[in-house]
Amino acid sequence: MRISVDQDKCIASGLCVLAVPEVFDQREEDGIVILRNDDPPPELREAAREAAANCPSWAITVTES
């Protein structure tokens with residue numbers, strides 16, 4: 001699994017950070033998503049998929065290996 005984020009699409013809702021803080025974070029100044037781990041361990045992968053699916057701006061892409 002690989003995760004990528006499009007910071008230009010992000011609307012800073014923070015849903016991804018709430019879902020998986022080990023994978024996503026937000027910039028202090030504007031709340032835009034920061035990717036902490038583009039290849040999460042197996043125990044976080046389903047949560048990362050759900051975070052991508054629930055992103056209101058579709059700023060998160062998950063590519064399965």
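These are my notebook entries on what I looked up in this structure.

**Entry 1: the kind of model**

I am working from a predicted model. I keep that in mind for every value below.

**Entry 2: the cavity**

I began with the inside. How many cavities of 30 Å³ or more are there? I found one cavity. Its volume is about 110 Å³. I then listed its lining, which has 16 residues. The closest to the cavity centre are Cys-10, Ser-13, Gly-14, Cys-16 and Cys-55.

Next I sorted the lining by class. Eleven of the residues are nonpolar and five are polar. I found no charged residues in the lining.

**Entry 3: the cysteines**

Three cysteines turned up close to the cavity centre: Cys-10, Cys-16 and Cys-55. I wanted to know about bonds. How many disulfides does a search of the whole structure find? The search finds zero.

I checked the distances. Why does Cys-16 have no such bond? The closest cysteine sulfur to that of Cys-16 is in Cys-10, and 6.3 Å is too far for a bond. A disulfide needs the two sulfur atoms within 2.5 Å. Cys-55 is in no disulfide either. For Cys-55, the nearest cysteine sulfur is again that of Cys-10, at 6.4 Å.

Are these cysteines buried or exposed? Cys-16 has 10% relative accessibility, so I note it as buried. Cys-55 has 12%, so it is buried as well.

**Entry 4: Gly-31 and Cys-10**

I stayed with Cys-10 for one more look. Gly-31 is 21 residues from Cys-10 in sequence. In space, their C-alpha atoms are 8.9 Å apart. Gly-31 sits in the loop between strand S2 (24-26) and S3. With a relative accessible area of 13%, Gly-31 is buried.

**Entry 5: the nonpolar core**

Now the core. I recalled a general rule: in soluble globular proteins, nonpolar side chains tend to be buried together. Here the largest nonpolar core has 17 residues. Which of them touch the most other members? They are Ile-3, Cys-16, Val-20, Val-23, Phe-24 and Ile-60. I had already met Cys-16 in the cavity lining.

I then asked which helices contribute. Helix H1 (15-19) and H2 each supply at least two residues of this core. The largest share comes from H2, with four residues.

**Entry 6: salt bridges**

I turned to charged pairs. I counted seven salt bridges. I looked at three of them one by one.

The side chains of Arg-2 and Asp-38 meet at 3.5 Å, N to O. Where do the two partners lie? Arg-2 is in strand S1 (residues 2-5). Asp-38 is in the loop between strand S3 (33-35) and helix H2 (42-54). They are 36 residues apart in sequence, so the pair ties together separate parts of the chain. Arg-2 is partly exposed at 44%. Asp-38 is partly exposed too, at 36%. I also noted a network of salt bridges that links Arg-2, Asp-38, Asp-39 and Arg-45.

The second pair is Asp-30 and Arg-27, with the closest N and O atoms 2.6 Å apart. Asp-30 has 37% relative accessibility and counts as partly exposed. Arg-27 is partly exposed at 26%.

The third pair is Glu-64 and Arg-49, with the closest N and O atoms 2.7 Å apart. This pair links distant parts of the chain, 15 residues apart. Glu-64 is in the segment after strand S4 (60-63), and Arg-49 is in helix H2. Glu-64 is partly exposed, with a relative accessible area of 45%. Arg-49 is partly exposed as well, at 30%.

**Entry 7: two positive phi angles**

Last, I looked at the backbone. Ala-12 has a phi near 65°, a positive value in a residue other than glycine. Where is Ala-12 found? I located Ala-12 in the loop between S1 and H1. Its relative accessible area is 26%, so Ala-12 is partly exposed.

Trp-58 is not a glycine, yet its phi is positive, about 55°. I placed Trp-58 in the loop between H2 and S4. Is Trp-58 buried or exposed? Trp-58 is exposed, with a relative accessible area of 58%. The cut-off for exposed is over 50%.

Conventions:
Residues are numbered from 1 along each chain as its sequence is written. This is a predicted model: local features need pLDDT of at least 70, side-chain atom pairs count only at pLDDT 80 or more; totals for chains, interfaces and linings use all residues. Side-chain values use heavy atoms; hydrogens and water are left out. On a 1 Å grid over the protein atoms alone, a cavity is a set of points where a 1.4 Å probe fits but cannot get out, and a pocket is an open set with protein on both sides within 12 Å along at least five of seven lines; lining residues have an atom within 4 Å of a point. Grid points are joined across faces, edges and corners, and a volume is the space filled by probe spheres set on the points. Ala, Val, Leu, Ile, Met, Phe, Trp, Tyr, Cys and Pro count as nonpolar, Asp, Glu, Lys and Arg as charged, and the others, Gly among them, as polar. Buried means under 20% relative accessible area, exposed over 50%, partly exposed in between (1.4 Å probe, protein chains only). A salt bridge is a side-chain nitrogen of Lys or Arg within 4 Å of a carboxyl oxygen of Asp or Glu. A nonpolar core is a set of buried Ala, Val, Leu, Ile, Met, Phe, Trp, Tyr and Cys residues joined through side-chain atoms within 4.5 Å.
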